[in-house]
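Work through the exercises below with the model open. Try each task before reading its solution.

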Amino acid sequence: GMLDRAKATGSLDSSWLDAGAAAPRRDRAKEFTLATFMTAEADGLCLWEKGSREHKSAVTHNARLHQLCLWFLLYGESANLRHAPEAMCFIFHAAMCAVTLEDRAPAPCPMTDKEPVGDQLVLAKPVAGCKMPHAKDDYLNSIVRPLYQFLQREIQGRASSPIEDRVMYDDFNEFFWMPERFAAMMPHEDGRVQSEVSVPEEMRPLPMESRMYTHLRAFLQRASSHPQGAAAALSGVFFKTHKEVAGWMSMFVNFNTVFLFHAVAFHLSAAYVFAGNTIDWEYVSTAVITHSVVKLLAEVASLHFRNLPKESGGDVAVTVTRCVAFAVTPLVYFAERWWRGDGHVP
């Protein structure tokens, strides 16, 4: 999902920056975000002029090494967010967008015993205009802590509340499934100020991906400054995606295929008997009515467990389409019987 969004906003065309504007193009080194490079590599693209195979291999290995180190740094300080892989993917992508690399191979690094000395291998640097490096433990305090406080309140602080009213790990993860859900955490594409969450003035002309981590950090810092704490502020952002309501209806929705199999099997058995213990396809074909009715009931019953006000128009349209499709068969059957008026069965 993050890679598709990066391509949709044209980051492959606009995320690299030229260093040294006065130098001739052939002498200038291109810079591109780590996320852009990994997206291009996955698509088999190349972000720089064709060079030697050794140069391309060195740049690729360098980018992969930076990506791996960045992931380990984030994962090691993520606390309970390790149980939310979708959230970690979003944070990881935002962090990769905040790091730029040059299209040059790292210089040889002197060795002391078995350890390298110097920073020649470190080619990553912050996106131009962002206020980095941040203070010590900034990732833990600015990113992890607000999200952790929200999950702690929902899972432990509200343990006595019904589970269908609490945002659990699965709801927290599913929040990051679709861009329209976490749009509040994303910066505007044109760089304009969004409410009280903004990025430094010099970053606003940059592509949206380059501002993503800075905007996410500012968004969560604003939540932490809420008078009632980050948990209260984020309760208006994250929401319940599936209501875990126990009961017979839940069992029917979860095991509707089992009910469907038994209902259709019973219908076929009854059709065989009514046809005089013979296979009469006029009777057997009516099993599709039972199939459609059971599927329609399961579709309608599933609405009891969904948070319809928070779903997109596309999801609602799909549900309506499925209900209409399942309702057509029995409606056509009974309309035909009514239209004929001769009492013929089936």
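**Exercise 1. Find the bridge partner of Thr 100 in β6, then place β3 among its neighbouring strands.**

Solution. Start with the pair itself. Thr 100 has Lys 125 as its bridge partner in β6. Strands here are DSSP E runs of at least two residues, helices are H or I runs of at least four, and both are numbered from the N terminus. The model is predicted: local features need pLDDT of at least 70, side-chain atom pairs count only at pLDDT 80 or more, and totals for chains, interfaces and linings use all residues. Residues are numbered from 1 along each chain as its sequence is written, and side-chain values use heavy atoms, with hydrogens and water left out.

Next, count the bridges. β3 and β6 (residues 125–126) are joined by 2 bridges and run antiparallel. Two strands pair if DSSP finds at least two bridges between them.

Now turn to β2. Strand β2 (residues 30–33) is joined to β3 by 3 bridges, and the two run antiparallel. Glu 31 has Glu 102 as its bridge partner in β3. Thr 33 is partnered by Thr 100.

**Exercise 2. Are the faces of β3 and β2 covered or uncovered?**

Solution. Recall the rule first. Side chains in a regular strand alternate between the two faces of the sheet.

Take β3 (residues 99–102). Val 99 and Leu 101 lie on one side, Thr 100 and Glu 102 on the other. All are buried, so both faces are covered. Buried means under 20% relative accessible area, exposed over 50%, and partly exposed in between, with a 1.4 Å probe and protein chains only.

Then take β2. Lys 30 and Phe 32 sit on one side, Glu 31 and Thr 33 on the other. These residues are all buried, and both faces of β2 are covered.

**Exercise 3. At what angle do α5 and α8 pack, and which residues make the contact?**

Solution. Read off the geometry. Helix α5 (residues 85–97) and helix α8 (residues 212–224) pack at about 125 degrees, with axes 7 Å apart. Axes are lines fitted to C-alpha atoms, for helices over the stretch in contact; angles run from 0 to 180 degrees between N-to-C directions.

Classify the angle. The two helices are therefore oblique to each other. Under 35 degrees counts as roughly parallel, over 145 as roughly antiparallel, 65 to 115 as roughly perpendicular, and the rest as oblique.

List the contact. α5 gives Phe 90, Ile 91, His 93, Ala 94 and Ala 95; α8 gives Met 212, Tyr 213 and Leu 216. Contact means heavy atoms within 4.5 Å. The contact residues divide into 7 nonpolar, 1 polar and no charged. Nonpolar covers Ala, Val, Leu, Ile, Met, Phe, Trp, Tyr, Cys and Pro; charged covers Asp, Glu, Lys and Arg; the others, Gly among them, are polar.

Check burial. In α5, 10 of the 13 residues are buried, so the helix is largely enclosed by the rest of the structure. Among them are Ala 87, Met 88 and Cys 97.

**Exercise 4. Is Ser 292 buried or exposed?**

Solution. Locate the residue. Ser 292 is in helix α13 (residues 287–302). Its relative accessible area is 6%, so Ser 292 is buried. Leaving aside neighbours within four places in sequence, Ser 292 contacts Phe 326, Thr 329 and Pro 330.
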